[in-house]
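Reader: I am new to reading structures, and I would like to go through one slowly with you. Could we take a feature at a time, with the general idea before the particular case?

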Number of protein chains: 2
Amino acid sequence: MASGERLPSGAMDIHAEAEPLRLEGFLPYRLNMLATEVSQTLARAYGRKFGISIPEWRVLATLGQFGVMTARDIGGHSRMHKTTVSRAVAALEKRRLIVRRANRADMREAFLALTDAGTAIYHEIVPMARAFSDSLCAGLSETELRQMNTLIDKLAERVASLGNG
Amino acid sequence: MASGERLPSGAMDIHAEAEPLRLEGFLPYRLNMLATEVSQTLARAYGRKFGISIPEWRVLATLGQFGVMTARDIGGHSRMHKTTVSRAVAALEKRRLIVRRANRADMREAFLALTDAGTAIYHEIVPMARAFSDSLCAGLSETELRQMNTLIDKLAERVASLGNG
DNA sequence: ACTTGATCGTTTCAGCTGAAACAAACTGAC
DNA sequence: GTCAGTTTGTTTCAGCTGAAACGATCAAGT
């Protein structure tokens, strides 16, 4: 554009060429960076110590919390793909950390539960995970922690409606 | 344990067997769920429309923001693995959305920049991404948005120190 | 009982990811 | 100039992921 032209300030720029997006200030990007870093840091900790992958930890954690469940229920609660659950369950069963019992009332599914060895590992990982989370939140006040949880809830609700609706 | 035994309430349980971890109230898990959902919802939007993957979008976004950069700079800024950058750059170059110009002062690296076609797609995706983000944040007040950003900053700083230190 | 359609879980397959190995190019010490 | 060590970027390879196909089972209707 000729330098002598006079325009209502910024009027043209807005329509001809949008402002570039500052990635480092973009909420979806920031959220993803943070979550990835948090997830991987924790996963490295229990991965090194117990040879457990993220999906395997989630299966352990779900069974540790709820006791007996089917693979379907585990996937539903921890939002894992059924193939991911299937493979994590197979790996954990092979290592005898969980057992599979038939459901006579419905032979398609099976009841899964922690073995003693699985329970033992679960009770080693849980304090480690809690310590990590506590240490992560150590810089936050009680109020900020409540805020964070409220905000996550609001955003989760919001994104769910955006995805479906 | 024999049912008749009398114990100080809960004294043994606390040490013998930790409380099960409620996954749905566990911050690392909650953060990861939210970020995954947000990321994938946005990625589906521009993926369907332009056939662009997440790493490709990040390369486009970084070049759109900064103009000319090397692959190394892109990786550094967007925290992508160098192999991921390499492949995204190759794909975008093949589709003529970016160009590679030699750096005569250092022939190992190359200057990357958006082509006109790349700039055009960038300027189509940016408003879409902004609209998504705005819609995501629509349920949040101005104050809550500031809080969210502050909290993400604090947690990011915290997790970085936990990972390294 | 038979058929249809749905559901649970596994397997197959294609694509993505990152660690490691690698080639090419640069830097600094000698 | 040459050598050793570093840096940039690509390729290879092994592992993970999810869509699709599949087998097995169940439920409902006829």
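Reader: Which backbone atom lies 3.4 Å from a phosphate oxygen of DNA strand C?

Author: When you look for polar contacts, you search for pairs of N or O atoms within 3.5 Å. In this predicted model, such a pair joins a backbone N or O atom of Ala110(A) to a phosphate oxygen of DNA strand C, at 3.4 Å. Side chains reach phosphate oxygens of DNA strand C as well, for a polar side-chain atom of Arg100(A) lies 2.9 Å from one, and an N or O atom in the side chain of His81(B) is 3.3 Å from one.

Reader: How many residues surround DNA strand C, and which are the closest?

Author: Here one collects every residue with a heavy atom within 4 Å of the strand. For DNA strand C that gives 19 residues, with Arg72(A), Ser86(A), Thr84(B), Arg87(B) and Met107(B) the closest. Of the atoms of DNA strand C that come within 4 Å of the protein, 59% belong to sugar and phosphate.

Reader: What kinds of residue make up the surface near DNA strand C, and which helix supplies the largest share of it?

Author: Sorting by residue type gives nine charged, six polar and four nonpolar residues on the surface near DNA strand C. Sorting by element instead, α4 (71–78) and α5 (82–94) of chain A and α5 (82–94) of chain B each supply at least two residues, and the largest share, four residues, comes from α5(A).

Reader: Which residues come nearest to DNA strand D, and which atoms of that strand do side chains approach?

Author: Among the 19 residues around DNA strand D, the nearest are Thr84(A), Arg87(A), Met107(A), Arg72(B) and Ser86(B). A side chain may approach a base as well as the backbone of a strand, and here an N or O atom in the side chain of Arg87(A) is 2.7 Å from a base nitrogen of DNA strand D, while a polar side-chain atom of Arg108(B) lies 2.8 Å from a base oxygen of DNA strand D. The protein backbone takes part too, since a backbone N or O atom of Met107(A) lies 2.7 Å from a phosphate oxygen of DNA strand D. The largest share of the surface near DNA strand D, four residues, comes from α5(B).

Reader: Is helix α3(A) largely enclosed or open, and why?

Author: To judge this, count the residues with under 20% relative accessible area. In α3(A), ten of the 13 residues are buried, and therefore the helix is largely enclosed by the rest of the structure; Trp57(A), Val59(A) and Leu63(A) are among them. This helix, residues 54–66 of chain A, reaches 18 Å from its first C-alpha to its last, close to the 18 Å expected. Just after α3(A), Gly67(A) takes a positive phi of about 85 degrees.

Reader: How many residues does each chain bring to the contact between chain A and chain B?

Author: Chain A and chain B bring 59 residues each, and between them they bury about 6000 Å², 67% of it on carbon and sulfur atoms. On the side of chain A, Leu21(A), Arg30(A) and Leu151(A) lose the most area to chain B, together 10% of what that side buries.

Reader: Where is Ala110(B) found, and is it buried or exposed?

Author: Ala110(B) is found in strand β2 (residues 110–114) of chain B, and it is buried, with a relative accessible area of 17%. Residues far apart along a chain can still be checked for contact, and Ala110(B) is in contact with residues including Met69(B) and Arg100(B). The C-alpha atoms of Ala110(B) and Met69(B), 41 residues apart along the chain, are separated by 8.1 Å.

Technical notes:
Residues are numbered from 1 along each chain as its sequence is written. Chains are lettered from A and ligands numbered from 1 in the order in which they are written. This is a predicted model: local features need pLDDT of at least 70, side-chain atom pairs count only at pLDDT 80 or more; totals for chains, interfaces and linings use all residues. Side-chain values use heavy atoms; hydrogens and water are left out. A polar contact is a pair of N or O atoms within 3.5 Å; within protein, one must be able to donate a hydrogen and the other to accept it, and residues adjacent in sequence count only if both atoms are side-chain atoms. Ala, Val, Leu, Ile, Met, Phe, Trp, Tyr, Cys and Pro count as nonpolar, Asp, Glu, Lys and Arg as charged, and the others, Gly among them, as polar. The expected span of a helix is 1.5 Å times one less than its number of residues. Buried means under 20% relative accessible area, exposed over 50%, partly exposed in between (1.4 Å probe, protein chains only). Contact means heavy atoms within 4.5 Å. Buried area is the accessible area (1.4 Å probe) that two parts lose on being put together, summed over both. Lists of a residue's contacts leave out its neighbours within four places in sequence.
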